[in-house]
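Q: Please take a close look at one part of the structure shown below, and then set that part in its wider context.

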Amino acid sequence: MTMRNLGLSIYPDHSEYQKDVEYLELGHKYGFSRIFMSMLEVQGSVEETKAKYQKIINFGNSLGYQTFIDVSPGLFKKLGISYSDLKFFKEIGATGLRLDQAFDGATEAMMSFNPYGLIIELNMSNDVDYLNNIIGYQPNTPFLYGCHNFYPQVGTGLPFDYFIKCSQRFKKLGIHSAAFVSSKVGKMGPWNVSDGLPTLEMDRKLPIDVQAKQLWATGLIDDVIIGNAYASETELAALAQVDRYLLTLDVDFLPNINPIEGTIVKKPLHFWRGDINSLVIRSTMPRVTYREEENPAHDNELEFQPGDVLVGNDSFGPYKNELQIVRKAHREPRKNKVGSIKQEQLFLLDFLKPWSKFKLK
């Protein structure tokens, strides 16, 4: 199984070394393990650039981070680096290079055989046959990764359906993948536009943990990276709490639910029963596990709305204590409303399929 990782971004040409150090230490505390670092804006000499990047990358390496450097043909020219000799990047301690622009396929394939074991990360944000072209040139596939772009300007992020098509090209070939989420407080990126730095336009306004839940719920993204710096400790902590392998939805509970209902919602690993319907998502095992537990009626006379979390009450016979999540508005006095999926997470229900496993908390 491909491991899923959390990443953050730093911009040495716009930041102070000590602040970057403190940010990396904070990220390390919360389990972050990769760094995105842009070199597209470098201004200094080769020696100055090398010293600056080597210093912060080596510090990241000492904490166990892997650093990927965003590069372009212009940068190679500016630093006098040849695609056939990537020694410069090994010397500064990088794990890999992210190629911001495409080459001819043969070049990327040759780069993947570099003697330094540097990973070559490809731009994922184009729905073209770029990857298959590279594969045709027989690259060193374990050393090929993919990473989406981020988009500083409001309105320019990827639409969701396009993002899915781009990502599927990489995932069907088993290529390790990454995409960006955006901090609400981070103002620093490669350019002086600070409208956030997400891959998906729809993520620009969402809480950072919900952005990550969405990316991982697609099943197409391995690593989730915060695009802008510096994210707050609250945001880092929220991301650290997201289950990377299981969709977990937050429930706003009603105040006076029965004790058994809290257990039914929070304790089991739920799964959507396979013979689905359009009315509700059914998690049926709780009615078996808790069939002896009483559950008096309450909050059962209102019209239930999409996202409401329901539990069958004592009048529901064999369906007592079955958990349901509403898909279509309806009334049913034999069910109690115990809460609702948080409003900003409602859309995540669309990622559930028959037999999908999920948790509620």
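Leaving aside its neighbours within four places in sequence, with which residues is Leu97 in contact?

A: The model is predicted, so local features require pLDDT of at least 70 and side-chain atom pairs pLDDT 80 or more, whereas totals for chains, interfaces and linings use all residues. Residues are numbered from 1 along each chain as its sequence is written, and side-chain values use heavy atoms, with hydrogens and water left out.

Once neighbours within four places in sequence are set aside, Leu97 is in contact (heavy atoms within 4.5 Å) with Ile69, Val71, Phe76, Leu86, Phe89, Met111, Ile119, Ile120 and Glu121. Leu97 belongs to the largest nonpolar core, which has 69 residues. Such a core is a set of buried Ala, Val, Leu, Ile, Met, Phe, Trp, Tyr and Cys residues joined through side-chain atoms within 4.5 Å. Together with Met39, Ile69, Phe89, Leu122 and Ile226, Leu97 is among the residues that touch the most other members. Apart from this core lies another, of 23 residues, including Ile264, Ile281, Tyr290 and Leu349. In soluble globular proteins, nonpolar side chains tend to be buried together.

Two of the contacts of Leu97, Phe76 and Phe89, also take part in an aromatic cluster with Tyr83, Phe88 and Phe103. The structure holds 14 aromatic pairs. Rings of Phe, Tyr and Trp (its six-membered ring) pair if their centres lie within 6.5 Å, with planes under 30 degrees apart counted as stacked, over 60 as edge-to-face and the rest as tilted. The pair of Phe36 and Phe150 is edge-to-face, because the ring centres are 5.5 Å apart and the planes stand at 75°. Phe36 lies in strand S2 (residues 34-38) and Phe150 in the loop between strand S6 (144-147) and helix H7 (160-171), so this pair ties together parts that are 114 residues apart in sequence. Both rings belong to buried residues (under 20% relative accessible area with a 1.4 Å probe and protein chains only; over 50% is exposed, and in between is partly exposed): Phe36 has 2% relative accessibility and Phe150 has 14%.

Charged side chains also meet aromatic faces. A charge sits over a ring if NZ of Lys or CZ of Arg is within 6 Å of the ring centre and within 35 degrees of the ring normal. Arg34 lies over the face of Phe68, at 4.2 Å from the ring centre, and Lys55 lies over the face of Tyr17, also at 4.2 Å.

As for the wider fold, the protein has 11 helices and 16 strands, taken as DSSP runs numbered from the N terminus (helices H or I, at least four residues; strands E, at least two). Two strands pair if DSSP finds at least two bridges between them. An open sheet of 5 strands has the order S10-S15-S13-S14-S12, with antiparallel pairing. Strand S10 (251-253) and strand S12 (280-283) are its edges, each pairing on one side only. Strand S13 (residues 308-312) is joined to strand S14 (residues 323-326) by 3 bridges, and Val309 has Ile325 as its bridge partner in S14. A further open sheet, of 3 strands, follows the order S9-S16-S11 with mixed pairing. Its S9 runs parallel to strand S16 (residues 357-360), with 3 bridges between them, and Leu247 has Phe358 as its bridge partner in S16.

Over the whole protein of 361 residues, 53% count as buried. Of the contacts with a separation of 6 or more, 78% come from residues 24 or more positions apart.
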